[in-house]
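User: Please take a close look at one part of this structure and walk me through it slowly. I would like to know what the aromatic rings do there, with some of the surroundings added for context.

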Amino acid sequence: MVKIIHVPLNQNSYNIYIGSKLLTNLDILSSFFKKKNSVLITNDTIQNIFCSKKNPCVFNVIKHIPYFIIQDGEMYKTLTVVEKILSFLLKKAYGRDLTLIALGGGVVGDITGFVASIYQRGVNFIQIPTTLLAQVDASIGGKTGVNHILGKNMIGTFWQPQGVFVDINFLSSLPKQHLIAGMAEIIKYAIIFEKTFFIWLEQNISNILDLQEEALLHCIKKCCALKSKVVQEDEKEVNGLRIFLNLGHSFAHAIEAYTGYGNWLHGNAVSVGIVIASYVSYFSNFLNKHDLLSIIKILYITGLPIRGPKKMLPQDYISLMSRDKKVLNNTMRFVLPFSIGKVKTVSFVDTNVLLRAIQASQVETYSFVY
């Protein structure tokens with residue numbers, strides 16, 4: 001059974017379709033997949049796994065659609081790759097009736113959406129996310145973009161898809177470490193919005209990671225519904241609600257920039273970022289110790305990292321975070337948990353508190369998680 005979550009916007013509203021074997025649902029597909037004037041964008045890993053006769057469920061849908069293959073990895077999320085896609089489209093003389101289809105994880109979705117937003121001043125695109133992280137977060141909401149050497153996602157647009165197809169069958173081919181990395185964004189939603197969801201996750205993490213359908217579908221539907229509500233109320237991160245979704249991301253982006261894009265999975269970096277943000281809140285007397293330890297423990301038992309790169313110094317974080325998009329008037333803003341289920345945006349965090357929080361996150365052992 002297909003679950004449909006509507007994303008109601010003033011313009012360009014769309015649906016998120018969630019289920020199993022969605023690409024065999026002809027009623028849904030016929031509205032979106034057109035052989036004429038469509039181009040599929042995916043990466044070489046996805047091409048080898050899904051775009052062949054070995055996977056007829058996917059292959060039969062896309063076999064007549066032209067495609068453009070990019071290399072797999074965050075390091076290829078660049079303007080150089082964007083220019084190659086644009087050149088391909090222009091040489092093939094595609095017009096403004098083009099529809100781009102993003103088949104892949106967050107990198108493919110971000111690049112495809114960005115190209116769609118700028119090609120001939122904007123064409124349609126749809127999202128088919130193949131990773132857990134993309135299914136619960138990156139494919140929804142219309143944020144597109146590429147990285148710059150000086151910062152992650154510094155070049156981009158808001159451009160909503162025509163639809164999002166979340167098919168849990170893709171996850172069976174996902175490496176375990178990528179599945180675990182996707183859990184960071186799921187845990188993030190619970191910390192931000194709902195304690196009861198957090199408690200449910202504590203009890204069901206193993207079921208989700210084992211890809212048990214009932215738990216997995218419940219989890220994905222919950223996250224998509226939460227993201228839809230946020231996007232509806234703050235589509236372009238204007239009134240402050242959508243910035244809550246950046247919990248842990250200032251620190252995470254610093255880790256990714258320091259280590260080189262692609263060397264740390266985004267979800268792993270977000271996990272460490274959530275730990276540091278929780279320590280900042282704790283040392284600022286916003287977050288109590290019980291909730292601090294609960295946050296760190298759920299990340300740990302999921303298999304996510306709770307310590308950043310060993311060679312990355314506290315000052316490295318602060319230097320790199322000064323370039324973050326959330327810096328306004330030379331002041332860093334942080335999304336901090338005040339309790340499980342409640343976060344706030346805080347400015348003017350004392351540098352000594354930041355340094356103390358980063359140092360606390362680098363402690364070698366956490367006796368409370370054993």
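Analyst: A helix here is a DSSP run of H or I at least four residues long, and helices are numbered from the N terminus. The model is predicted.

With that definition, begin at helix α5, which covers residues 106-118. Just after α5, Q120 takes a positive phi of about 50 degrees. The length of the helix can be checked by a short calculation. The expected span is 1.5 Å times one less than the number of residues. For the 13 residues of α5 this gives 18 Å, and the end C-alpha atoms are 18 Å apart, so the two values agree. The helix is also mostly covered, with 12 of its 13 residues buried. Among the buried residues of α5 are V107, V108, I111, F114 and V115. G106, D110, T112 and S117 are buried as well.

Now to the aromatic rings. Across the whole structure, a search finds 8 aromatic pairs. One of them joins Y189 and F193: the ring centres are 6.5 Å apart, the planes are 25 degrees apart, and the pair is stacked. It counts as stacked because the angle between the planes is under 30 degrees. Both residues lie in helix α7 (residues 176-193), and their separation of 4 residues is about one turn of the helix. The two partners differ in how they are covered. Y189 has a relative accessible area of 0%, so it is buried. F193, at 25% relative accessibility, counts as partly exposed.

A second pair is formed by Y282 and F283, with 5.4 Å from centre to centre and 50 degrees between the planes, and this pair is tilted. An angle of 50 degrees is neither under 30 nor over 60, which is why the pair is called tilted. Y282 is partly exposed, at 25% relative accessibility. F283 has 19% relative accessibility, and because the limit for buried is under 20%, F283 counts as buried. Y279 joins these two residues, and Y279, Y282 and F283 form one aromatic cluster.

Charged side chains also meet some of these rings. The charged end of K188 sits over the ring of Y189, 5.1 Å from the ring centre. In the other pair, F283 has the charged end of R356 over its ring, 3.9 Å from the centre.

F193 has one more relation to note. F193 and F244 are 51 residues apart in sequence, while their C-alpha atoms are 9.3 Å apart in space.

Last come the enclosed spaces. There are 3 cavities of 30 Å³ or more. The second largest holds about 40 Å³ of space. Its lining consists of N246, G248, H249, S250, F251, A277, F334 and V335. Helix α10 (249-259) and strand β10 (333-339) each supply at least two residues of this lining. The largest share, 3 residues, comes from α10. By class, the lining has 4 nonpolar and 4 polar residues, with no charged ones.

Definitions and conventions:
Residues numbered from 1 in each chain as written. Predicted model: local features only at pLDDT ≥ 70, side-chain atom pairs only at ≥ 80, totals over all residues. Heavy atoms only, no water. Phe/Tyr/Trp six-rings, centres within 6.5 Å; stacked < 30°, edge-to-face > 60°. Buried < 20%, exposed > 50% of the residue type's maximum accessible area, 1.4 Å probe, protein only. Lys NZ or Arg CZ within 6 Å of the ring centre and 35° of its normal. 1 Å grid on protein atoms, 1.4 Å probe; cavity = no way out; pocket = protein on both sides within 12 Å on 5 of 7 lines; lining within 4 Å. Points joined across faces, edges and corners; volume = space filled by probe spheres on them. Nonpolar A, V, L, I, M, F, W, Y, C, P; charged D, E, K, R; others polar.
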